[in-house]
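Reader: I should like to learn how pockets and cysteines are to be read in a model of this kind. Could we begin with the pockets?

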Amino acid sequence: MEPTRTVSIIGTGSYLPEKVLTNRDLEKIVETSDEWIYARTGMRERHIAAADQASSDLGAEAAKKALEDAGIPATEIDLLIVATLSPDMFFPSTACFVQEKIGATNAFCYDLGAACSGFLYALDAAKNQILSGAVKTALVIGSEKMSTFIDWEDRGTCILFGDGAGAAVLRAGGEGRGIMQSAMGSDGSLADLLWTPGGGSRNPATHEMIDQRQQYLKMQGREVFKHAVVRMGEAVLQALEKNNLTVDDIKCFIPHQANIRIIDSIAKRLGIADRIYTNVDKYANTSSAALAIALDEAVKDGTIQKGDLVALTVFGGGFTWGANVLEWGK
Ligand code: ACO
């Protein structure tokens, strides 16, 4: 295959599991209130996957919708990436499970670990594989069953997350500039502010580890909040500069859906409050799925139209962060 100059998103899809858990429901699980959660986070409810649904099941549903939207069969996918911090298991990859479920028999598949930033990182990786000419069509999925990795006894974290998946099909060519250059960064020195310390090779599964509840996500919320605001704001400006654009050129900004106060702070810093897309009230923080779900919804509800410039930005554990810009060509 020849290298291409443009890579476009030709289809999107998302999937939210049926069960809805409201703030009122959470009042029965931990000592909290609808008022506290809404005031601090902007969240009203979140979706929770069924016991027999794993991340690959959610991801496969989103993928099928994205393929339908793109109008192509799964066999045309050359590369399949799943961004997730809640994989079905350590190995094989969740991407391989998705491949099997959707019949993407010609794809090579892998998972990408960048916590909540995963979908944007995966978009960038897939775009560059296509730009190089190595593949023509890629399926990128953000899929999370966060409900299995959060501590339902910790009111500081369990109220924040939800389950869900989003997907995008990328292809060489298309009208306009397509997916442009990204600005991304990481800082491993701050890993312990947001992590799941148990279960891996550092702190393997033992009775003691489980008793200490180390298999669950731990977060220092205030610190994470501060870094998220600064890093996402900076990343957007860097991505705009790389692509010779300004804030005024952008029709729609889609930030990571972690907390409405984080989103509002970024909007205020950049002066973009009138063009910011959020659905955190309905789904809470679905980690790597959040950006993918929001992009799909913004396209389907007409917020994003052909020719619009859209800026995406993310922040997550690692720390990891990034932003990119795309011209919607569909
Ligand atoms: N209900 C009621 N009270 C609570 C709850 C709750 N669910 N959780 C904490 N509190 C209490 C605390 O115990 C504390 O009480 P104290 O003053 O008596 O000690 C008080 O509320 C204030 O707690 P803080 O943690 O300081 O509250 P804060 O205003 O920082 O809000 C929050 C907490 C919502 C977690 C906020 O820090 C936040 O959103 N941080 C960013 C989190 C985030 O977005 N993480 C993910 C980003 S990356 C990714 O997506 C993986």
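Author: A pocket is an open set of grid points with protein on both sides within 12 Å along at least five of seven lines, and its volume is the space filled by probe spheres set on those points. The model here is predicted. Its second largest pocket has a volume of about 560 Å³, while the largest has about 870 Å³.

Reader: Which residues lie nearest the centre of the second largest pocket?

Author: They are Leu160, Met219, Gly221, Phe225 and Asn259, out of 25 lining residues. By class, that lining has 14 nonpolar, seven polar and four charged residues.

Reader: Which element supplies the largest share of that lining?

Author: Helix H8 (221-242) does, with six residues. Among the other elements that each give at least two residues are helix H9 (260-270) and strand E12 (309-316).

Reader: How does the largest pocket read by class?

Author: The lining of the largest pocket has 15 nonpolar, eleven polar and two charged residues.

Reader: Turning to the cysteines, how many disulfides are there?

Author: A disulfide requires two cysteine sulfur atoms within 2.5 Å. By this rule the count is zero.

Reader: Why does Cys109 form no bond with Cys96?

Author: The Cys109 sulfur has its closest cysteine sulfur in Cys96, but the two are 4.8 Å apart, so they are too far for a bond. Cys109 is buried, at 17% relative accessible area.

Reader: And why is Cys158 without a bond?

Author: Its closest cysteine sulfur, in Cys116, is 16 Å away, which is too far for a bond. Cys158 is also buried, with 0% relative accessibility.

Notes
Residues are numbered from 1 along each chain as its sequence is written. This is a predicted model: local features need pLDDT of at least 70, side-chain atom pairs count only at pLDDT 80 or more; totals for chains, interfaces and linings use all residues. Side-chain values use heavy atoms; hydrogens and water are left out. On a 1 Å grid over the protein atoms alone, a cavity is a set of points where a 1.4 Å probe fits but cannot get out, and a pocket is an open set with protein on both sides within 12 Å along at least five of seven lines; lining residues have an atom within 4 Å of a point. Ala, Val, Leu, Ile, Met, Phe, Trp, Tyr, Cys and Pro count as nonpolar, Asp, Glu, Lys and Arg as charged, and the others, Gly among them, as polar. Helices (H or I, at least four residues) and strands (E, at least two) are DSSP runs, numbered from the N terminus. Buried means under 20% relative accessible area, exposed over 50%, partly exposed in between (1.4 Å probe, protein chains only).
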